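This report concerns buried packing and charged side-chain pairs in the structure shown below.

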Amino acid sequence: MKSVEDRLVAVLGAQQGSGVLLTPELVLTSAHILSGDGDQAGVVAPAGNGRVVVCDVVWSSMLFQCDAALLKARSPIVPADRLPPFRWATLGGQQTVPGCTVLGFPHVQRYGEDDLEAVQVPGTLTPLSGRMRGRYVLQVYGHPPAPLPNGSPWAGLSGGPLLAGPVLLGIATEDPAGWEHSVLDVISVSRVLREPDFAYALRQHWPDAPALEVHNAPDARDFAYEPLYAQAVKARYSRMEVFGLDDLGTNENSWDLDTAYLSLEALAAPSAEQRDDTHAAPRAQRIEELLGSRPRTVLRGEAGAGKTTLVWWLASHAACRTMPKQLSMLDGLVPFVVPMRSLAAQGISNPTPAQLPTIAQLPVDAAPSGWAGRVLDSGRALLLVDGLDELPRADRSAARRWLADLLRMYPRTRCLVTVRPLAVEHAWLQSEGFEELQLLPMGNRDIQSFVAAWHKAARLECGAYPDEVRADQERTRLTALERDLSQEFLRNAGLRDLARTPLLCAVICALHRRRSGLLPRTRWQLYDAALSMLLGNRDAYRRVGAPEGISLTIDDGRQLLQRIAVWLVRNGRAELSGEQAVRQLELGMNGLRHVREQGTAREVLTHLLNRSGLLQERATDSLQFIHRTFQDFLAAKEFRENDSLDELLGHAAEEQWQDVIRLVIGHCGRTEVRRVVAGLVAAGDDAGERESLWQLRTLAAECAMSAAYLDDDQHEAVWAGVRALGPPLTEADVSHLSSLGPDVLPCLPEPTCLGWREAGAVVQVLSSLGNAAIPLLKQYGQHESHVVRARVANQWRAVGARLFAEEVLSSMCLDDLELDLEHEEQLALLPGLGPIDSLIIWGDHSSDSLRQALRSHPVRELTLTNNSALTTLAFLADHPETEELSIDFCPRLQDVSGLAGSGVTVLGLHAPDTALLEGMVPLPQVITVKLLLNPGARVDARLLTVFPGLRALALDVVGPGRDVVLDLTGHTGPLPAGGLSVDPYPKVELTLLGADRFGDDLRIRKHRNGLQ
């Protein structure tokens, strides 16, 4: 088992000392054990192969408060797979910390012929004892060792790690006089990290070093408990339910989360600057790319969009420290998952910190007293609040107050809240520092990826078959079904539109397999077929008899589950107890005599839990449907069959009931459809508030669109009400109109009569309507407002590339706009467009493909981002008109000689591409440089050698850190004519060295916004 003790090493310099492995090749130790002018040392690790590895000294400091050195081995000292994840921390207070340990190789522990032996020195850390001297002090437990004739018995311990559990707090440095060897002085790692030269060396040799944790009064019991908690999180959340897999005959409908997880796209809500400024709307990105830079996020998504799956994925990977690079800052955070549907079932309204680990009912013992509060206080918590919409609307304000109070108490807590799109108003948590993201419907490529992932999971499940021949036959069949379904999705636009969420795409995959290729055509047929599959002849197909002694028909199961579903809706709940479920089943069984004859209501409940797959018990005595969509579908059927449509319409203005109303229309006959639609129109006419008016009129239109039959006069009345709403003004308005799909197009105004705000909102609606919106987008592309035209141009990714370019972009004025490109097809279409002011080109495109695409197409400003194919900037030779160039994550780019002689005067480099500065030839024409740096980065005077004409330097930081060092001490000449303006962005904490000699020629000013 991997242990933090395996990071201990012995250091052989001018003196023998100890050290700690930061990585398999980096060692932190004390500087005083090295020779004064030595640049090498030997290192040997007990966890290695016993050989001495030669190390170079890459940094050292002999300061009293920072006696430390960083060594770089010429070969790995210990294999990486033998080391546990690395953690280091600083203390947030002056409280004593019992249960700490110093590891090392002191002289007193030597044996035989002066052979080294390791020691573990336990003690209590007393930070206040060394505060004035800038050190930590460890009070050693037990009787101290006797002094040695030639010095301290602790000699050789210098550089040894001070650990609190698995966390590195510092390195031992001295046995202070007067304490009879009962205390040890320690240099804290936070003090070492404050040294600019160390931070620079660390980033050079370990750019992905984990962030420094902050621990307030850590408890030794916490460190023993946290690995157990992480294992419990992994056990609960590392597998996800994949709809339809249990139909394969293995009684298993879940699979490893990484096999089934699909990264989805999301859109950031436009900032105030983006709404009012002249920039295009935010660009859709993968959710992982967006979450990393947002410590607090509200994630909106439709039913079945993947919100809960994302929460589980985040919890599992944070606990296991296996986050992808975009989310590496979440590695090691302690996840607290709060499923809001579970609070009412557990009788909890305002969870205390101590209750947070218990809500999800993980398979782990109780935490040490106060543990969750300490985690929150230290900023190590990842709070995942799932399904805020599953609280009754009346309870959401109280939930908001609870969350706001908790985050004010613990302001460094990272938090994600998931909610359906219209459950709470936009900017609902903005005052608490939350940013909003909207999960987007799955695109065509995502659907194909999901189909592949679903069938891969299904084939893997075949391994559970006892008959290998049957398993091979099923795998072959699944491969053929995957191929056929992928082709069907390519051909059938209607089927694609049904599959825009992971839930519905999974339902289609399952039905396609079960029906051998026959698929439903409408959403109601899809749900109905899924219910029939789960409630019907599934057990017969799997040759399962009646193990509980109960046999239900499809209609029996529906009738009984409808009773439970309608009770949940009426009570504003998403979960119920076993007793509550039994009472509802007893009512439902009153008219089902043949079911009563087979068993009691409790026995029927057991059968439904075991056999249907629709109802499940995720926590003790807490039952719920596998997805709320099925709950709403069954409740809608009960309302209709029980002649309770008026009750349903009476709640039409309540968001939790509106999904039921959307689904009830598919169960209704002609007379009932007319009754529902008329009721919604009347409710809209009577609505007093604008928000209710928009909700109800668009809800009426959704129901009218879904009805199999609707009289012309009522159809016209519904759409006349939508037209009367006018142009959208808010994000909620945009969501309401977008939900109507292309049918809303005749209701949208032409751009001539609209100002830029209203026109921009209409373009947001059009962006969700696909190719059908192109004629109207073409009109909006001629709007006089730069903002509106920018938003139109930004829709290129949302519709067919060629059609949009030929019909919309070709007639637009683009010479004052920023245009985003990603695909080769878009690049190939550039020659057909007019002059473009700014291009952002995403993805892997070689220099040759860029040269061909940009040939004879002038562009003033060019940004190349996320490009792993680019190796040279030679294409710039064809573009002397390009004045600004930004390079953002182009890891294979090495040849930047194309900059020499180019027209580029403004150059932007984003980490890690800032390393390109080291190999650049002088570029006198560049007068402005913009650097987006890693925290702790150091920029030295070589910058002025590369850019001798530099007049402005903008500095920003990516990630949670802030420190940047600008060291001009090596520049002996004057600054460029006119001086140099250094512009650190707001969150940058700039350390400026060597500035005094330049006087007023060096100016510092702060930017309002960042480069990110």
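## Salt bridges and buried cores

Arg475 counts as partly exposed, because its relative accessibility is 23%, a value between the limits of 20% and 50%. The model in which this residue is described is a predicted one.

Arg475 forms a salt bridge with Asp472. Asp472 is likewise partly exposed, its relative accessible area being 38%. The two residues are 3 places apart in helix H13 (residues 468–491), so about one helical turn separates them. An α-helix has 3.6 residues a turn, so residues three or four places apart point the same way.

Helix H13 also holds Arg491 and Glu488, which lie 3 residues apart, about one turn of the helix; their side chains meet in a salt bridge. Arg491 counts as exposed at 59% relative accessibility, whereas Glu488 counts as partly exposed at 22%. Elsewhere, Arg420, Arg628, Asp632, Asp659, Arg662 and Glu702 are joined into one network by salt bridges that share partners.

A further pair consists of Glu226 and Arg380. Glu226 belongs to helix H3 (residues 220–237), while Arg380 is in the loop between helix H10 (371–377) and strand E21 (381–386); the salt bridge therefore ties together parts that are 154 residues apart in sequence. Both Glu226 and Arg380 are buried. The count of salt bridges comes to 54, including the pairs tabulated here.

| Salt bridge | Closest N to O distance |
|---|---|
| Glu226 and Arg380 | 2.7 Å |
| Arg475 and Asp472 | 2.7 Å |
| Arg491 and Glu488 | 2.6 Å |

Attention now turns to nonpolar packing. In soluble globular proteins, nonpolar side chains tend to be buried together. The largest nonpolar core has 254 residues, of which Phe336, Leu873, Met920 and Phe947 touch the most other members. Leaving aside neighbours within four places in sequence, Met920 is in contact with Val896, Leu899, Leu907, Leu909, Val946 and Phe947. Another core, of 27 residues, lies apart from the largest one; among its members are Leu28, Leu103, Ile187 and Val189.

Burial can also be followed along a single helix. In helix H19 (residues 578–588), the buried residues are Gly578, Gln580, Ala581, Val582, Gln584, Leu585 and Gly588. What covers these buried residues of H19 includes helix H18 (554–570), helix H21 (601–611) and strand E25 (622–625).

Conventions: Residues are numbered from 1 along each chain as its sequence is written. This is a predicted model: local features need pLDDT of at least 70, side-chain atom pairs count only at pLDDT 80 or more; totals for chains, interfaces and linings use all residues. Side-chain values use heavy atoms; hydrogens and water are left out. Buried means under 20% relative accessible area, exposed over 50%, partly exposed in between (1.4 Å probe, protein chains only). Helices (H or I, at least four residues) and strands (E, at least two) are DSSP runs, numbered from the N terminus. Contact means heavy atoms within 4.5 Å. A nonpolar core is a set of buried Ala, Val, Leu, Ile, Met, Phe, Trp, Tyr and Cys residues joined through side-chain atoms within 4.5 Å. A salt bridge is a side-chain nitrogen of Lys or Arg within 4 Å of a carboxyl oxygen of Asp or Glu.
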